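I opened this notebook to keep track of what I looked up, one stop at a time. Come along and follow each entry with the structure beside you.

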Amino acid sequence: MTVVPSGGPGGPPPPAGCEVRAADPPKGFGLFACASCPAYTDMFTEEPLFAMQHSGNRRVVAACARCCGFVHSVPLQLEVIFGESRFAPLLAALGDLPARWQETAGEGSAVVVRCKQGCGEIYCSEACRDLHFQHSHNLLCVGPLTEDHPLLRFKYHALEHADTLLLAAQVFAFLINKAKAAGGGEQVMKGLMQELLCFCHAPFREACRPPPGRSKDAEFYAHADGLVQEAAALLRAALEPYAPVEVGALFAAGPNFFAEVLGLFEYNNIDLEVNSPLGQLLENRAKALAQHISNPQAVAELKQLEALLREKEWVMRCIWGEETTGIFGDEVDVAQGTVDAQPMDSVMQAAEQGNDAEVASAAMAQARAEVAQLSLEQLLQGPWPAMHGTALFASVARMNHSCAPNMKVVFPGNSARLTATAVLNISPGHELCICYVNQEADVQTRRRRLLEYGFTCSCSRCLSEDSTTLRKAQKRLK
Ligand SMILES: C[S@@+](CC[C@H](N)C(=O)[O-])C[C@H]1O[C@@H](n2cnc3c(N)ncnc32)[C@H](O)[C@@H]1O
């Protein structure tokens, strides 16, 4: 099978004030400043090349399939969070309050735009829906398809094994659309593939992490290869009828290009985290109601709001865990450049680990008792589920790691648009680095986590912490 070449310069132009060039070996390429930027100021903002909400997170957040922002509908957001039938009485008792909360907050009426072909994708606006369709959804919409269609089988396969297979499908559909728009043909597609390959470092089997406690043995490699081959075959079958020549180029080396794209996501993607607007909106409403405490209607509404918050708090403690955040325990600190991306508490998870229904119900009862003790003020401070996803950004894909970084990246708005902020003074020529792992962790932990990115860190902080650790060990031995 032909080996697909990968890694190298190229790709979209970097943000203004930055350049991509060779970094100190063995780091490969890096992103460098061409202009000064004082500490704690924003250096650039950027839209993702590809982004998606984690499939588990869809159970708690209604996010726009294109921009990943919360869709503007308090009623829908609550319906999603309280989707289980046991919450039907709670939602029924609220009646039209959620819609009124949205309107009284000055947010206007609810806006939920759905895919025209009925696949279930939702959007925050018609503009997002149309852009998503042109980008890749035209080839990936399952609305009009029958159950045995390879695209549907591909999607089930992805949901069972890895979300990033869905993101890889997005990349393939996007490349086909882009190739067609540029006149189509094998050569055009090969050129586009090469642009993406310059970001790639390793195929999926090399870049992926084994589950906790599992080594990368022959069985693991066979499993990873099988997973990729099956996904690639289904995706090829799904896309080939639309663009046989272009799809032929994408799969000319069998599943190799597909495997490189999946490997790219393992090393270069960053975790998306967009905060929920619901907490602030409901806190404002509670404060407004509290000012009319002599009005029985206001008191009744405040009680309903409190009941909702109590139920949400219980659900947060009981049901939502890593599946919905997409951030798993052993990879908590792998949220590149972002801090505090912690998974939510989940007593269900503790119970599931014990595989015991009795443990589960005892844990849920305990959570219920704890939540019953919380005051309204405490309930108002409780978190709402955030949108969690994963995305590829052209500039971040060029940012190397440092354990003492000069940059951090955050998602300050209601979308996957990233802001890169300097955390130290930056001068022209400085390499811009983020921390891929938990910056607070000790040197051994950081090193272990960074091995998942395929390198051993030897930045000045690691070297100095290494020598301190060594000195302490030598002292103990004396
Ligand atoms: C997001 S990419 C960064 C850009 C990459 N250097 C390039 O040439 O495109 C992440 C990869 O860069 C390399 N890398 C990043 N930081 C590094 C460091 N501090 N030391 C060695 N390699 C590093 C690793 O191969 C890692 O998987």
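**Entry 1: around the ligand**

I am working with a predicted model. I began at the ligand and found 18 residues surrounding it, the closest being G28, F29, N400, H401 and F455. I then checked which elements give two or more residues to this shell, and they are β2 (29-33), α11 (256-268) and β9 (400-401).

What kinds of residues make up the shell around the ligand? I noted nine nonpolar, seven polar and two charged. I also looked at the domains: domain 1 (18-47 + 393-477) and domain 2 (50-54 + 113-271) each give at least three residues to the shell.

**Entry 2: the hairpin of β1 and β2**

Since β2 contributes to the ligand shell, I looked up its partner next. Strand β1, residues 18-22, pairs with β2 in the antiparallel sense, and I noted five bridges between the two. One residue pair to find on screen is R21, which stands opposite G30 in β2.

β1 and β2 form a hairpin, with six residues between them. In the turn I found G28, whose phi is positive at about 80°. G28 is a name I had already written down, as one of the closest residues to the ligand.

Where in this stretch is P26? I found P26 in the loop between β1 and β2. The peptide bond that joins P25 and P26 is cis, with omega at about 5°.

**Entry 3: on to β3 and its sheet**

Going on along the chain, I stopped at Y40, in the loop between β2 and β3. Y40 has a positive phi, near 65°, and is a residue other than glycine.

Then I traced the sheet that holds β3. This is an open sheet of three strands, ordered β3-β11-β10, and the pairing is antiparallel. Why do β3 (42-46) and β10 (407-410) each have one side left without a neighbour in the sheet? Both stand at the edges with a single partner strand, so nothing in the sheet flanks the other side. I also wrote down the turn between neighbouring strands of this sheet, which is 20° on average, direction ignored.

For detail, I looked at β3 beside β11, residues 418-422. Four bridges join these two strands, which run antiparallel. Within this pairing, F44 has A420 in β11 as its bridge partner.

**Entry 4: another sheet of three strands**

My next stop was the open sheet with the order β4-β8-β7, which has three strands and antiparallel pairing. Which strands sit at its edges? They are β4 (50-53) and β7 (270-274), each pairing on one side only. From one strand to the next, the twist averages 30°.

I counted along β7 and strand β8 (residues 387-392) and noted five bridges, with the strands running antiparallel. D271 is a handy marker here, as it stands opposite T390 in β8.

A reminder to myself on sheets: strands pair through backbone hydrogen bonds, either parallel or antiparallel.

**Entry 5: helices packed on α6**

Last, I turned to helix packing around α6. Helix α6 (residues 164-181) packs against helix α7 (residues 186-197) at about 130°, and their axes are 9 Å apart. At that angle, α6 is oblique to α7. I noted the crossing of α6 and α7 as right-handed.

α6 also packs with helix α4, residues 126-140, at an angle of about 110°, and here the axes are 8 Å apart. How do α4 and α6 lie to each other, then? I filed them as roughly perpendicular. The crossing of α4 and α6 is right-handed.

Note on methods:
Residues are numbered from 1 along each chain as its sequence is written. This is a predicted model: local features need pLDDT of at least 70, side-chain atom pairs count only at pLDDT 80 or more; totals for chains, interfaces and linings use all residues. A residue is near a molecule or strand if its C-beta atom, placed from the backbone, lies within 6 Å of it. Ala, Val, Leu, Ile, Met, Phe, Trp, Tyr, Cys and Pro count as nonpolar, Asp, Glu, Lys and Arg as charged, and the others, Gly among them, as polar. Domain bounds come from an automatic or database domain assignment. Two strands pair if DSSP finds at least two bridges between them. Axes are lines fitted to C-alpha atoms, for helices over the stretch in contact, and angles run from 0 to 180 degrees between N-to-C directions. Angles under 35 degrees count as roughly parallel, over 145 as roughly antiparallel, 65 to 115 as roughly perpendicular and the rest as oblique. A crossing is left-handed if the near helix is turned anticlockwise from the far one by less than a right angle, and right-handed if clockwise.
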